[in-house]
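Hi,

Here is the model I said I would pass on, with the sequence alongside. Have a look at it first, and then read on for what turned up.

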Amino acid sequence: MAFRIKKSILYIALTALAVLCLFPFLLMMVNATRTGSEIVTSFTLIPGQALAENWQIVSGYFNLFKGMANSLMVAIPATLLSGYFSSLTAYALVVYKFKGNKLLSVIIVVFMMIPSQLSLLGFYDLVTMLNLVDSYIPLIVPAIAAPGIVFFLRQYCEASIQPALLEAARMDGAGEIKIFHKIILPLMSPGIATMSIGTFIGNWNNYLTPLILLNSPDKFTLPVMVASLNSSTDITANQGAIYLAVAISVIPILIVFAFCSKYIISSISAGGVKE
Amino acid sequence: MASQKAVKSKKRDINKMGYLFVAPFVIVFLIFNLYPVLRTLYLSFTDYQGFGDPVFVGLQNYERVLTDKFFWRDLWNTIKIWGVNIVLQLGLAFLLTIIFSDIKYKVRGLSIYRALFYLPNLIAATSVAFLFKTLLDWKYGTINQILTGAGIMGSPVDWLGSTATAPYVISVIGAWMWFGNSFIMLMAGVQGISKDYFEAAAIDGAGRWKVFLKITLPLLKPILLYVGITSLIGGLQMFDLPFLMCGGTIGNPSGSTQTVVMYLYKFGFETNQVGFASAIAYTLFVIILVVSVIQFKVMYGKNKNEGR
């Protein structure tokens, strides 16, 4: 009996914690449908009538859909590039014996541990020198060299590729590049997918790099756009509109999460076991 | 013999393909990873202002960093915010790991709880910052309304306006965002431990706490270290949350939430003292490195002694 009560208490506590994780988002959704003065005077979980009105204020201030499109224009190419080139690099490190293989592997581990802020100023200086300020190129191209992802895929490669398979393909006269594209990439795709979800979310949510690199408001990615709420005074007077703007920025990720939570969780678990 | 040689030379040719395959990575790595790291190091020894030619000034910037009382204040702020955050975050993650790995209670629904606990992690820090900034508003915020309405507090608290609460509010929000991540990693570690250990312990009649202290905890060490070091690297670079919630690089109220990276950002991108900002970056890096090594030594050094 005591056992059952204890177990119920555990479940209640766990559920309370889960609710605590969701509650701020629920408040956000509800408040997004209420007027500023309603939010200021009372608290409720019943949606209000002011969604359209709030939307008018938000859309008069900035175009969130443009921000989303901009974020996609950065996050999608960056994710594809890092998935493709990281698997290419990982595969080469596992399969081919060439000078510098070991050195490259060591450098990859070292750069995984180096904090990104360390190179922020040099990075900005480089981008200025290359005349690429206010362009998406410095947000996308560096994704080709992602040490952490190569590190993970390397281990995935070691576990999932059998030398006999490569020998057989070579016997059939397939070239190395063809082998990689026709045999290896499909074999590695679960691992690539796992890593790509993380890359996509990381890029979608990235704030500091686009903040320092982008100047023109019509190029702002979603986080930079949302952050520009800070400097606007008229919109801060209307809390409902702020909640709505934040809600719109959050919803795409909630949708992705609803469909991919399993993969997302397994990608973090993978990160945990790798050491 | 001849054919063997041919096979061998062909194999060497195949291995040469490795260069082609890693070439894109290496080129981009040299330009966008290695160069910025070295360039920042170089700039930290100059008086660079963001334009013109950098003039070499030796260790002047480092001297300035080490004697700058605001740098030390910000380092302390950062450690304070991170410290409270990591205790809450890892404590909660640990507690959850114990609950979900308990053999007696066999709590179900791990995948659902895990997903829900992880959710706050996915949301951009900018959105989280604005959400909480609005919810925590002194006069009009929903959180004060709930707390005063339920009679938990007599009068509304100015969460982000008081030095006594603002840094810790950031810590708590950080813990709320990241505990799910730590939990998933720790749980993955526990699931990686062979069931044999637990069964053997059960046969020997070991109690729950004994199992936890003697089996689970030691075997979780590598993952704990990994979580600890990644959290340290991330935590000492804390920027988004305090920057967006506490009035930009000022770190309101009265600089109590100004972190080292906010200080770096202020000089690097607002007042263009790039050389000085670069020295801040490298000083922070050295601190992170030293603390990581200490963390490593504390966790593994002791283990070695036990082995003797």
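A:Val19 counts as exposed, because it has 11 C-beta neighbours inside 10 Å and the cut-off for exposed is 12 or fewer. This is a predicted model, by the way, so please read everything below in that light. A:Val19 sits in helix α1 of chain A. If you want a partner for it along the chain, take A:Lys7: the two are 12 residues apart in sequence and 18 Å apart in space, C-alpha to C-alpha.

Staying with that helix, other residues in α1(A) are buried, namely A:Leu14, A:Cys21, A:Phe25, A:Leu27, A:Met28, A:Asn31 and A:Ala32. There is also a kink of about 40° in α1(A), at A:Leu22. The proline A:Pro24 follows shortly after that kink. What about the span of the helix from end to end? Helix α1 covers residues 2–32 of chain A, and its 31 residues should span 45 Å at 1.5 Å a residue; the end C-alpha atoms are 44 Å apart, so the two values agree.

Now chain A as a whole. It has 14 helices and zero strands, so to speak of its pattern along the sequence is to write α-α-α-α-α-α-α-α-α-α-α-α-α-α. The radius of gyration of chain A is 24 Å, whereas the globule rule gives 19 Å for 275 residues; the value is well over the rule, so the chain is more spread out than a compact globule. Along its principal axes, the C-alpha trace of chain A spans about 75 × 70 × 35 Å. Of the 275 residues in chain A, 43% are buried. As for contacts in chain A with a separation of 6 or more, 76% of them join residues 24 or more positions apart.

On to the domains. Chain A is divided into domain 1, made of 1–61 + 232–259, and domain 2, which is 63–221. Their C-alpha centres lie 35 Å apart. How many residues of each domain are in contact with the other? Seven residues of domain 1 of chain A touch five residues of domain 2 of chain A. On the domain 1 side, the elements that give two or more residues are α3 (51–61) and α14 of chain A. Of these, α14(A) gives the most, with five residues. By class, that side of domain 1 has five nonpolar residues, two polar and no charged.

Helix α14 turns up again where the chains meet. The contact between them takes 68 residues from chain A and 70 residues from chain B. Helix α14 of chain A (residues 239–273) gives the most to the side of chain A that touches chain B, with 15 residues. That side of chain A divides into 49 nonpolar, 14 polar and five charged residues.

A proline to look at next is A:Pro190, which lies in helix α10 of chain A (residues 176–205). A:Pro190 is partly exposed, because 13 other C-beta atoms lie within 10 Å. A:Pro190 and A:Tyr263 are 73 residues apart in sequence, yet their C-alpha atoms are 9.3 Å apart in space.

Finally, some backbone details in the loops:

- A:Asn131 has phi near 60°, a positive value in a residue other than glycine. It is found in the loop between α6 (120–129) and α7 (137–140) of chain A. With 8 C-beta neighbours inside 10 Å, A:Asn131 counts as exposed.
- B:Asn272 also has a positive phi without being glycine, near 55°. It lies in the loop between α11 and α12 (274–307) of chain B. B:Asn272 is partly exposed, with 14 other C-beta atoms within 10 Å.
- B:Asn252 and B:Pro253 are joined by a cis peptide bond, with omega about -10°. B:Pro253 is in the loop between α10 (240–245) and α11 (260–270) of chain B.

Cheers

Definitions and conventions:
Residues are numbered from 1 along each chain as its sequence is written. Chains are lettered from A and ligands numbered from 1 in the order in which they are written. This is a predicted model: local features need pLDDT of at least 70, side-chain atom pairs count only at pLDDT 80 or more; totals for chains, interfaces and linings use all residues. Two residues are in contact if their C-beta atoms, placed from the backbone, lie within 7 Å. Helices (H or I, at least four residues) and strands (E, at least two) are DSSP runs, numbered from the N terminus. Ala, Val, Leu, Ile, Met, Phe, Trp, Tyr, Cys and Pro count as nonpolar, Asp, Glu, Lys and Arg as charged, and the others, Gly among them, as polar. The expected span of a helix is 1.5 Å times one less than its number of residues. The bend at a residue is the angle between axes fitted to the seven residues ending there and the seven starting there. A residue is buried if 20 or more other C-beta atoms lie within 10 Å of its own, exposed if 12 or fewer, and partly exposed in between; C-beta atoms are placed from the backbone. The radius of gyration is taken over C-alpha atoms; the globule rule is 2.2 Å times the number of residues to the power 0.38. Domain bounds come from an automatic or database domain assignment.
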